[in-house]
Amino acid sequence: QGEREWSSALIDALARFTPQAAVFELKNDVLLLRRQVNLDLAENLQFSVNSAPAFRSAIEGRDAVVALRSPSEVTESLSRQGSADRAHLLPIANGSRVVAIAFAADEADADLNGLELVVGLASAVLERQSNRDVHGQIAPAAMPMAPIPEAREGQSNGTQRNAASSV
């Protein structure tokens, strides 16, 4: 599974828990937009971590951050002028390193628990992929056991007594 499939599956899952979301990849202190839903962002959007303190806080703290959607917190592109709208920034880690950030608008129908679950699973997939050779493979399912034949009338299957022999 490549980055393209992973980020596509991630944004699809995030969209189930918030009406507006984006996935940013972190490369050398620059955040690069990889996927979005209902945000109308430029496809080549990128910005420095230092220009977005809320993103920097999520990366450094390795924990979810709730931020105002102001230019000084989340950049001009993700802000909403003159409003008190908020956004959730959820770091996605591969081992001990944050490799991406999920941006989710804090709308009335946003579900933070669902968002955190999706991001946790996304991190687990990345870690599993990067440690593929270290982890053992899951063994195939064992063949089912043959059913025990039922005793015919007048025969014993080892658990029934033949009525004729006990007399």
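## Salt bridges in the model

A salt bridge is taken here as a side-chain nitrogen of Lys or Arg lying within 4 Å of a carboxyl oxygen of Asp or Glu. In this predicted model, the structure holds four such salt bridges, among them the pairs formed by lysine 27 with glutamate 25, by glutamate 25 with arginine 34, and by arginine 80 with aspartate 85.

## The network around glutamate 25

Glu25, Lys27 and Arg34 are linked in a network of salt bridges. Glutamate 25 pairs with arginine 34, where the closest N and O atoms are 2.6 Å apart, and glutamate 25 also pairs with lysine 27, where the closest N and O atoms are 3.8 Å apart. Because the cut-off is 4 Å, the contact between lysine 27 and glutamate 25, at 3.8 Å, counts as a salt bridge.

As to accessibility, glutamate 25 has a relative value of 18% and counts as buried, since buried means under 20% relative accessible area. Its partners are described otherwise: arginine 34 is partly exposed at 28% relative accessibility, and lysine 27 is partly exposed with a relative accessible area of 42%.

## The pair of arginine 80 and aspartate 85

Arginine 80 forms a salt bridge with aspartate 85, and the closest N and O atoms of this pair are 2.6 Å apart. Arginine 80 counts as partly exposed, with a relative accessibility of 29%, and aspartate 85 likewise counts as partly exposed, with a relative accessibility of 26%.

Terms used
Residues numbered from 1 in each chain as written. Predicted model: local features only at pLDDT ≥ 70, side-chain atom pairs only at ≥ 80, totals over all residues. Heavy atoms only, no water. Buried < 20%, exposed > 50% of the residue type's maximum accessible area, 1.4 Å probe, protein only.
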